[in-house]
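Visitor: I have not looked at this one before. Can you walk me through it?
Guide: Yes, once it is on screen.

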Amino acid sequence: MDFRKKIGSFLAITIILLFFFIWELFSNYEIIQIALFSKPSLIFGEILENSIEIIAHLLVTLYRLVLSFFIAMFIGIFFGMIMGYSRYVYRFFNPLITTLMAIPGIAMAPVFIIWFGFGDPTILSIGIIVAFFPIVYNSAIGVRSIDKNHVNAAKIMGANKKHLFLKVYLPHSFTYIIIGIKLGLARCWRTVIAVEFIAATGFGLGYWIWDAYEYLNVTIVYTGIIILAIVFFTIEKVIIREVEKRTIDKWGVLHEQES
Amino acid sequence: MYCTNKNLKETIKTTLKNTLIFILPFLVVIPFWEVISQLNIIAQLPAPSEIFEKFLYMAFEIDVLTQHLIGSIYRLIIGYILAVTFGIFLGTIIGLKKIISDIFTPILSLLISIPTIAWVPVLLITLGLGDETVIAAVFLGGFFTITYSVIHGIKTVNKNLINAGKIAGAGKYKLFESVLLPGSLVSLIPGLRLAIGYSWRALVGAEMLAAMIRWGVGKMIFTARMSNVVETMFLGLVIIGIAGLLLDRLLLYIEYRTVVKWGMVTEG
């Protein structure tokens, strides 16, 4: 099993390298235009040459992502719990949340620019809003899907409200909360990049890409996009996977799907 | 006859009741919002009545709203249809052929990590500043999701059904048409619903960034920024929210009429 996994990832890397090689070859023989598609050697050179600048942009974007995501997570889980707890609160807020969830973050940017101006306040607040909805939605569903017998059993054994919350509601709804967190993080990431396109003032990967586009610097645009892909791939496959392994898989709530 | 009539009545009754429950919170929030903005507690927050006035003005007096809507819907439909067609095609090939799956899966999982909006600068450079870019963004928004859902659908078709089909003498084409394709609908149809959400979002984002288009709901918000007309921005947001919700409900309805009704998935 382990051996097969190794061969699989080896194959994956080979194919991605092959993809870059063909791209390079095509631009060298001018089958595709360098002015439109750049080429891997130029992109690689760009990464080596401006690595400090790239890291600075990356750190600013990550800082925005982490800050807005964590604020959204805490408010979202807390509020989702309340929504799951009470049927009336759920009925009242569910329609509002489903409607607002359909609005993409970048569309809110012009309004927030008027309110807060260009820069961090706008980017962060839109990031928070966008990440908040999936988290609150799934946390509420998680609490609502709890088997009432478990709650009653805990009550009979003398659990007070605090125990009930910490030992019954929170662990049981954790599967759903994690789903919400995954969706929220992905949306937050996408939105932070998108809003950086139009609202950032000097740093951030989105700002860097958009600035390069306005000067038609194709190589930087492609470099930026490849970095975006690598960063998100890492976040999803390494960090989130690790969190899932330590929580959901360990508690045996979710059965890993064999694919 | 009487029975079906009664059923129909029941259905209409529950639908009406659900719609009412859904609308009720808005009936509480909107007056509240009106009061807050009339008292000027938050600067630059237009009241719902002002937004509605703007709606009447843009829809009937200068008659631009329909053009914005038509522009957006036209791009959405073309991009989404392309995404569905190519997504199902690629997903089927990858799902069926091991070699192609080995080649494409790494590239796909790298490409899917790129946010759709980040493609827009590349598309603007390669396809120009007009409609093509927006349509391509809509396409990319839905394409990967649909491809993945088809692959997943084909992989999770019950092996017994495939074997039964083979034993009954189905050829490769027959097996695909009568077993694999219907079997993968379980995953494809929810995938289509996810994809239209992504496509809709990509559409709005790309419309805001593509400079050469005139009409479109995203464009409407973006041009309102130039002249600082907050009412138009909010009107745009309201339209985007409602349209996104309606699209989702449409696909949900299709989901209920197909896979849920056929008993392939339980109601969520």
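Guide: One term to begin with: a helix axis here is a line fitted to C-alpha atoms over the stretch in contact, and angles run from 0 to 180 degrees between N-to-C directions. Also, this is a predicted model.

Visitor: Fine. How do the axes of H6 of chain A and H10 of chain B cross?
Guide: Helix H6 of chain A covers residues 105–116 and helix H10 of chain B covers residues 230–260; their axes come within 9 Å and cross at roughly 150 degrees.

Visitor: What does that make H6(A) and H10(B) to each other, roughly parallel or roughly antiparallel?
Guide: Angles over 145 degrees count as roughly antiparallel, and H6(A) and H10(B) are therefore roughly antiparallel to each other.

Visitor: Is the crossing of H6(A) and H10(B) left-handed or right-handed?
Guide: The crossing of these two helices is left-handed.

Visitor: Which residues make the contact?
Guide: From H6(A) they are A:Ala107, A:Met108, A:Pro110, A:Val111 and A:Ile114. H10(B) contributes B:Val230, B:Met233, B:Phe234, B:Gly236, B:Leu237 and B:Ile240.

Visitor: And by class, what is in that contact of H6(A) with H10(B)?
Guide: Ten residues are nonpolar, one is polar and none is charged.

Visitor: New topic. What is chain A built from?
Guide: Chain A has twelve helices and zero strands. Its C-alpha atoms fill a box of roughly 75 × 55 × 30 Å along the principal axes.

Visitor: How many residues of chain A are buried, as a percentage?
Guide: Of the 259 residues in chain A, 37% are buried.

Visitor: And how many of the contacts in chain A join residues at least 24 apart?
Guide: Counting contacts between residues at least 6 apart in sequence, 73% join residues at least 24 apart.

Visitor: Over to chain B. Where is B:Val29?
Guide: B:Val29 sits in helix H1 of chain B, which spans residues 2–38.

Visitor: Why does B:Val29 count as partly exposed?
Guide: Because B:Val29 has 15 C-beta neighbours inside 10 Å; buried would take 20 or more, and exposed 12 or fewer.

Visitor: How are B:Val29 and B:Ile42 separated?
Guide: They are 13 residues apart along the chain, and their C-alpha atoms are separated by 16 Å.

Visitor: Last thing: what is the mean pLDDT of chain B?
Guide: The mean is 87, and 96% of the residues of chain B reach 70 or more. Among the elements of chain B, H1(B) has the lowest mean, 82, while helix H3 (residues 65–96) has the highest, 93. The model scores ipTM 0.84 and pTM 0.87.

Conventions. Residues are numbered from 1 along each chain as its sequence is written. Chains are lettered from A and ligands numbered from 1 in the order in which they are written. This is a predicted model: local features need pLDDT of at least 70, side-chain atom pairs count only at pLDDT 80 or more; totals for chains, interfaces and linings use all residues. Helices (H or I, at least four residues) and strands (E, at least two) are DSSP runs, numbered from the N terminus. Angles under 35 degrees count as roughly parallel, over 145 as roughly antiparallel, 65 to 115 as roughly perpendicular and the rest as oblique. A crossing is left-handed if the near helix is turned anticlockwise from the far one by less than a right angle, and right-handed if clockwise. Two residues are in contact if their C-beta atoms, placed from the backbone, lie within 7 Å. Ala, Val, Leu, Ile, Met, Phe, Trp, Tyr, Cys and Pro count as nonpolar, Asp, Glu, Lys and Arg as charged, and the others, Gly among them, as polar. pLDDT is the predictor's confidence in each residue, from 0 to 100.
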